[in-house]
Amino acid sequence: MDLRPPLRRILRAPRRLLAAGAAVVVLAGAGTWTVTSAAASDDRPAVRRTDQVMAVGDGVRLDTSYFTPGTAGRHPAVLLGHGFGGSKEDVRRQAEDLAGSGYAVLTWSARGFGGSTGKIGLNDPRGEVADVSRLIDWLARRPEVRLDRAGDPRVGMAGASYGGAIALLTAGHDPRVDAIAPSLTYWNLADALLPNGVFKKLWAGLFVSSGGGCARFEPALCRMYERIAESGTPDAQARALLEQRSPSAVGDRIKVPTLLVQGQTDSLFPLGQADAAARQIRSNGAPVDVDWIAGGHDGGDLERARAQGRVRAWFDRYLKDEKGTATGPGFRVTRTGGVDSTDGAARLRGASAGTYPGLRNAPQTVPLTGRAQQVTHPAGATPPAVSALPGLGAGGGLARLSSLGVGVSLDFPGQYASFESAPLTGDLRITGTPTATLHVTSTSDDAVLFGKVYDVGPDGGRPVLPAGLVTPLRVQGARSGKDVTLTLPAVDHQVQKGHRLRLVVASTDLGYASPAAPATYTVALKGDLSVPTAPGVRTAAAPLPSWVWWLPPTGAAAALVLLLAGRRRTTAPAPDPALAGVPLEITDLTKRYAGARDRYAVRDLTFRVEQGQVLGLLGPNGAGKTTTLRMLMGLIRPDGGEIRVFGHAVRPGAPVLSRVGAFVEGAGFLPHLSGRENLDLYWRATGRPAEDAHLDEALRIAGLGDALERAVRTYSQGMRQRLAIAQAMLGLPDLLILDEPANGLDPPQIREMREVMIRYAAGGRTVIVSSHLLAEVEQSCTHLVVMDRGRLVQAGPVGEIVGAGDTLLVGTDAPVPDRVLEKAAALPGVASALRADEGLLIRLDADGTAARLVADLVRLDVPVTSLGPHGRLEDAFLTLIGGSA
């Protein structure tokens with residue numbers, strides 16, 4: 001349900017708003033309106049936005065925004081829903097884009113979110129779904145909206161996750177909906193959260209927390225969650241409650257054109273959810289297209305521009321009645337083909353078929369071998385195996401792995417059975433859900449198992465779990481033995497010649513609830529692995545991005561020109577041998593704010609960092625520090641200038657970034673694992689050899705001692721920060737970047753953090769630290785870079801900046817009036833003047849001298865009693881930035 005922060009980025013595409021001279025606030029009907037206008041772009045008319053709070057009954061008020069084109073006449077309408085934990089503002093930019101394309105677009109914050117009131121009902125037909133029908137009533141009365149008949153507007157619905165489900169549900173409950181385009185969503189919420197009788201505890205917990213706590217939900221939902229969370233076992237009442245709120249409950253009534261966009265890296269709503277929706281809606285006689293994008297709730301590339309473009313084309317075809325509009329193939333899947341060497345991004349290519357093949361198309365048998373094996377289920381289900389990492393996969397390295405179709409996996413010896421194929425004699429493309437038959441015996445009445453298929457390379461290295469997906473299975477009545485069919489997760493994955501497939505059946509998984517009591521399972525294989533291949537799905541032969549094929553010919557030609565130009569721009573410059581020993585050199589670095597030609601986050605920034613330095617990056621809020629660090633880490637591209645690390649130009653995914661370690665606002669750790677286990681899991685996720693981690697050295701520098709063997713949930717904040725820095729130090733990177741490492745620490749912990757940085761740099765390595773604690777920076781850093789408004793103000797050794805001759809403390813025997821202070825700041829040779837406890841802090845420019853300053857101050861009747869260089873970093877910092885902090 002689009003839980004944030006991992007996926008609050010799903011539907012964002014920037015567009016500027018025109019600041020009106022004054023907002024017009026009026027009362028209309030039951031709501032409050034605020035009217036603004038969005039600026040016209042070069043190729044689209046202006047968009048008008050109207051905000052209104054609508055009363056929908058039962059005391060519930062919905063916060064809405066209405067976007068209309070600047071052109072006259074009636075237009076088809078679109079309702080855009082947001083993801084769980086979000087609000088209408090998350091879809092504002094897509095709404096503006098659709099309005100600019102000729103649609104009247106209504107967005108709203110669902111019950112319990114944003115500015116709307118009411119309890120969260122998980123798309124209750126009597127709550128959230130009824131609310132949308134009232135919004136359709138409202139659209140039917142608007143003069144801008146095209147009508148099919150009185151009270152029946154021409155309307156489509158789109159949205160991701162929670163917003164996608166409300167589109168499906170409304171189409172089943174309200175016959176006025178004409179077309180839908182849901183994405184990353186569920187068909188049966190009970191199957192999504194309670195799959196095969198197993199409680200998906202981590203995702204369920206994230207739902208409750210992102211909703212603001214159990215009390216924010218309808219009482220029946222809160223009671224259900226607390227009951228299952230305590231017992232760990234779903235019950236029939238829970239399934240019924242969730243199914244009532246599922247599109248599957250009204251699936252036979254959804255008879256409108258449907259575009260289903262589903263994510264491949266998604267342990268919350270996997271591909272099987274879209275498959276069930278497609279089969280039902282198609283059986284109703286409605287057109288259905290299916291699109292599997294690379295990303296999902298677990299991270300990866302969400303392909304926003306392409307997916308939203310396809311949604312717009314879908315509505316053009318079915319709402320505007322533009323019969324000639326190409327909406328794309330009946331089925332499309334994004335496939336990854338390694339990493340682009342120029343920018344480190346996953347190479348994405350589209351494969352397509354005229355019709356959706358389903359999940360069991362053209363199965364191929366893969367023989368597996370392996371004897372019957374005993375599997376231990378440990379008491380408390382601890383330690384658990386790891387497949388997907390809900391809430392942690394959408395940023396940093398884990399997101400990069402997800403974009404390549406690779407999950408983070410960890411199985412504990414003795415807690416799983418394994419069955420393996422012979423090396424494949426040719427490439428094998430799996431597209432759909434593999435199946436296998438098992439015989440399971442348990443020392444307990446029920447067995448809970450987790451099945452997954454690994455791709456194992458010929459060198460026997462770390463196996464790959466495609467998309468990090470696993471299938472849970474509760475086997476009831478297993479004490480006497482039972483045959484079961486294991487339907488594995490749907491994937492699209494290429495297994496290369498010489499690789500093997502390994503079926504693993506584990507007794508635990510981090511994301512799910514397992515029985516607390518210990519047990520022993522015996523798992524035997526009864527038949528071969530059946531693998532769907534969908535041979536009719538063919539990958540495009542051309543190296544163009546897959547969306548180009550369905551653009552009009554002129555657009556395709558333009559896309560090709562832009563693509564080739566982009567490739568020329570992103571070619572990495574050759575290394576500079578003269579800088580091979582220099583950890584960092586930044587030259588004329590520039591980054592503009594998105595959508596702004598003349599507003600800069602960073603502008604013409606130049607500085608250099610040498611080996612063994614601890615450099616403090618200082619500046620007020622908005623100075624550009626974080627943007628600079630993000631460019632340095634390869635997370636965003638600069639608009640100008642360059643960054644070189646040890647002579648190599650930095651690009652996203654550049655190999656030289658393996659010499660850089662980063663700590664940015666803490667790290668996500670698994671609380672039940674020890675510190676050492678967390679670090680080991682993180683390093684394994686990088687795919688680098690264990691011996692390269694230098695774990696013991698990093699831990700010695702971090703100084704965690706015996707605490708390393710304790711569960712992270714027992715750590716203090718200071719210990720967690722040190723563990724996070726130890727994680728950044730794994731591999732002993734030559735350049736370590738720390739962003740606000742002292743946040744939340746008390747003075748003793750800050751002192752410990754200072755010692756960690758000093759010890760790390762003492763080995764000849766380099767540390768860059770961004771911090772707002774000036775006194776701490778003064779004690780721990782050897783050099784400083786001071787920024788303000790995106791520009792470099794000063795750089796150099798701490799001693800020089802603190803005791804710089806161009807910044808003077810002028811002692812006075814009486815406070816200086818404001819008018820005199822202003823005159824002092826305007827004196828020739830003065831760069832800035834600030835009031836201090838002892839008098840004035842004055843920074844001289846290149847033409848200023850102390851003697852001339854004293855003479856000018858005396859002429860202004862300033863009672864000067866002393867003059868000398870200041871000695872505190874805080875004073876120097878404030879004078880350097882002119883007090884803007």
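Trainee: What share of the contacts in the protein with a separation of 6 or more comes from residues 24 or more positions apart?

Mentor: That share is 74%. Keep in mind that this is a predicted model. As for its make-up, the protein has 21 helices and 42 strands, and buried residues account for 55% of its 885 residues.

Trainee: Okay, helix pairs next. At what angle do α6 and α7 pack?

Mentor: Look at the angle and the axis distance together. Helix α6 (residues 219-231) packs against helix α7 (residues 236-244) at about 140 degrees, and their axes are 10 Å apart. An angle over 145 would count as roughly antiparallel, but α6 and α7 are oblique to each other. Their crossing is left-handed.

Trainee: Which residues of α6 and α7 meet there?

Mentor: From α6 you have Ala-220, Leu-221, Met-224, Arg-227 and Ile-228, and they meet Gln-237, Ala-238, Leu-241 and Leu-242 of α7. Sorted by class, this contact has seven nonpolar residues, one polar and one charged.

Trainee: How does α14 cross α15, right-handed or left-handed?

Mentor: That crossing is right-handed. The axes of α14 (residues 695-702) and α15 (residues 717-729) come within 9 Å and cross at roughly 145 degrees. On the α14 side, Ala-698, Leu-699, Ile-701 and Ala-702 make the contact, with Arg-722, Ala-726 and Met-729 on the α15 side. The class count is six nonpolar, no polar and one charged.

Trainee: Now single residues. Is Thr-265 buried or exposed?

Mentor: For this, check the relative accessible area: under 20% counts as buried. Thr-265 comes in at 2%, so it is buried. You'll find Thr-265 in the loop between β12 (258-263) and α8 (271-283). A polar atom of its side chain lies 2.8 Å from the backbone oxygen of Gly-299.

Trainee: And backbone oddities? Which residues does the cis peptide bond with omega of about 5 degrees join?

Mentor: Omega is the angle to read here. The cis bond joins Thr-382 and Pro-383, and Pro-383 sits in the loop between β17 (373-377) and α10 (396-403).

Trainee: What is the phi of Ala-467, and where is that residue?

Mentor: With phi, look at the sign and the residue type. Ala-467 is not a glycine, yet its phi is positive, about 60 degrees. Ala-467 belongs to the loop between β21 (447-456) and β22 (471-475), and it is buried, at 13% relative accessible area. Asp-604 also has a positive phi, near 55 degrees, and is a residue other than glycine. Asp-604 is in strand β30 (residues 600-609) and is partly exposed, with a relative accessible area of 41%.

Note on methods:
Residues numbered from 1 in each chain as written. Predicted model: local features only at pLDDT ≥ 70, side-chain atom pairs only at ≥ 80, totals over all residues. Heavy atoms only, no water. Axes fitted to C-alpha atoms, helices over the stretch in contact; angles between N-to-C directions. Helix = DSSP H or I, 4+ residues; strand = E, 2+ residues; numbered from the N terminus. Parallel < 35°, antiparallel > 145°, perpendicular 65-115°, else oblique. Left-handed = near helix turned anticlockwise from the far one by under 90°. Contact = heavy atoms within 4.5 Å. Nonpolar A, V, L, I, M, F, W, Y, C, P; charged D, E, K, R; others polar. Buried < 20%, exposed > 50% of the residue type's maximum accessible area, 1.4 Å probe, protein only. Polar contact = N/O pair within 3.5 Å; in protein donor to acceptor, adjacent residues only side chain to side chain.
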